[in-house]
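The following paragraphs lead through the structure, from the chain as a whole to individual residues. Please keep the sequence and the coordinates in view while reading.

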Amino acid sequence: MKATDALREAGEKIINEMRTELYLSLPFMGPAMDALPCIPDRTTLTLGTDAEYLRYNPRFLIDTYLTDPDSLPRVYMHVLLHCLFRHMYGMPKGGDIILWNLSCDIAVESVMDSIGNAPAVTRVVPDYRRGVYDMLGRAMKTFTAERIYRYFSENRPDGEEEAKLRAAFLSDDHSFWEEMREQEEKKGSGDSDGEKTESSAEELEKALREAWKERAERLQDELLTFGSERGEGTGEFARVLAVQNRKRVSYRDFLRRYAVVREEARVDPDSFDYGFYNYGMELYGNLPLIEENEYRESRKIEELVIAIDTSASCQAELVAQFLSETAAVLQSQETFFHKIDLRIIECDDQVRKDIKIKSPEDIKAFLDAFEVRGGYGTDFRPVFAYVDQLQNAGELRNLRGLLYYTDGFGIYPTHPTPYETVFVYRKDNAFEDRLAPGWAVRLFLDDSDQI
């Protein structure tokens, strides 16, 4: 047997043992392991992934197996988490690759450090790591690579501290990610054959990304449904997956989900039939057989309730920013009917004010006069009780949604509502959404008018 064949065979045996140990500890990771076949790769000194394969150096596996075999299943889990979180695709354009790689490693290691009662990955967390987690925990609720990267971009560690962080959290080789980014930057160059190759590579990348996204969503559902049966500490894993799996759409498009179809007094050129028009003109001289419809069907928002948490814990500038964005959307003729029934409710531990908006022109006047008058705690329930009263009185008959802007610190309602309830949070790393009821939608706004 050739030496290379012997190394390959030894590497495969070690990989199979790693997979078995990981599966026995965390069986819900089985589908992810099955989706990442392993191949030897001499271009790496350790192991890593390109989202299609786990690529490993056989000698690294053999040496590590002889000196520290217990570490290998955790390294394998580290790589799988990179794929589930799609870290190889997430670095901001023009970003710092060193900080991004470090942030990704801290994110996946923090998830594994939160899992208890799983022998393949559970380890005693060193004091230095705990200190890092405590530091980051003061700035964010859930550790994702994006949030950690943002934190380190604003609080760049010095060279010595950065080296300590890398030594504490580095586990795998990210060079395959860098090759993927380099190929991305080279798109559009080369001859026709090169263009075909690039097209195939793009299709493969898109398929891989979507496949890992679907696996992550299925895993998230399983952890949320059977979390207590999946081992201690998997709740943090599920929360990180929930953040990573959020779909990003524009705030305007989100509001349009509450639209209804109504006829408006507007010319509808799409329904105009020029054939009948010309036939009438030819037959009768100056009498068309059909005219443009004076009404057309439109899909717009008719009724909506927006509750604004004006308690002391909500920052005035963030509330004002949310209202400004909302006003910009609501003033659009493409979003609302000219006559609308919009309620803007100011509240903290009780309903403080109910402002009726009957036309888009009313919104600017409200926004100019608005100010946060907080000072009390937050109880979400009075708003829902108030809306119930309005509906029982014959108002808000076509209410499809209630948007509640808040920092999340308060007493949530326990019973589902007949309309869709959406709790809106700004800069989600600073807000508390964990107590929100499962039947409600949680919407997170960022600075680019995306959710």
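What area does the chain expose, and what percentage of it do carbon and sulfur atoms supply? The chain exposes about 23200 Å², of which carbon and sulfur atoms supply 49%; accessible areas come from the Shrake-Rupley method with a 1.4 Å probe, and for residues only the protein chains shown count as cover. This is a predicted model, in which local features need pLDDT of at least 70 and side-chain atom pairs count only at pLDDT 80 or more, whereas totals for chains, interfaces and linings use all residues. Residues are numbered from 1 along each chain as its sequence is written, and side-chain values use heavy atoms, with hydrogens and water left out.

Of the 451 residues in the chain, 46% are buried, a term that means under 20% relative accessible area, with exposed being over 50% and partly exposed in between (1.4 Å probe, protein chains only). The secondary structure comprises 16 helices and ten strands; helices (H or I, at least four residues) and strands (E, at least two) are DSSP runs, numbered from the N terminus. Among contacts (heavy atoms within 4.5 Å) with a separation of 6 or more, 69% join residues 24 or more positions apart.

One open sheet is built from three strands in the order β1-β3-β2, with mixed pairing; two strands pair if DSSP finds at least two bridges between them. Because β1 and β2 stand at the edges, each with a single partner strand, one side of each has no neighbour in the sheet. On average, neighbouring strands of this sheet are turned by 25° against each other, direction ignored; the axes are lines fitted to C-alpha atoms, for helices over the stretch in contact, and angles run from 0 to 180 degrees between N-to-C directions. β1 runs parallel to β3 (residues 54-56) and is joined to that strand by three bridges, and Cys38 has Leu54 in β3 as its bridge partner.

Helices also pack on this sheet. Helix α1 (residues 3-25) touches β1 and β3, and its direction makes about 130° with that of β3. Helix α4 (residues 72-84) lies across β1, β2 and β3 and runs at about 20° to β2. The expected span of a helix is 1.5 Å times one less than its number of residues, so the 13 residues of α4 should span 18 Å, which agrees with the 19 Å between its end C-alpha atoms. All 13 of the 13 residues of α4 are buried.

α4 is followed by Arg86, which is found in the loop between α4 and α5. Arg86 has a positive phi of about 55° although it is not a glycine, and is buried, with a relative accessible area of 11%. Leu396, in the loop between α16 (381-392) and β8 (401-405), also is not a glycine and has a positive phi, of about 50°. Leu396 is buried at a relative accessible area of 2%.

Two further loop residues deserve attention. Thr44 lies between β1 (38-40) and β2 (47-49) and has a relative accessible area of 0%. A polar atom of the Thr44 side chain is 3.1 Å from the backbone nitrogen of Thr46. Beyond its neighbours within four places in sequence, Thr44 is in contact with residues including Arg55, Tyr56 and Asp173. Val121, in the loop between α5 (97-114) and α6 (127-137), is likewise buried, with a relative accessible area of 0%. The C-alpha atoms of Val121 and Met77 are 7.7 Å apart, with their positions 44 residues apart along the chain.

Technical notes:
Polar contact = N/O pair within 3.5 Å; in protein donor to acceptor, adjacent residues only side chain to side chain.
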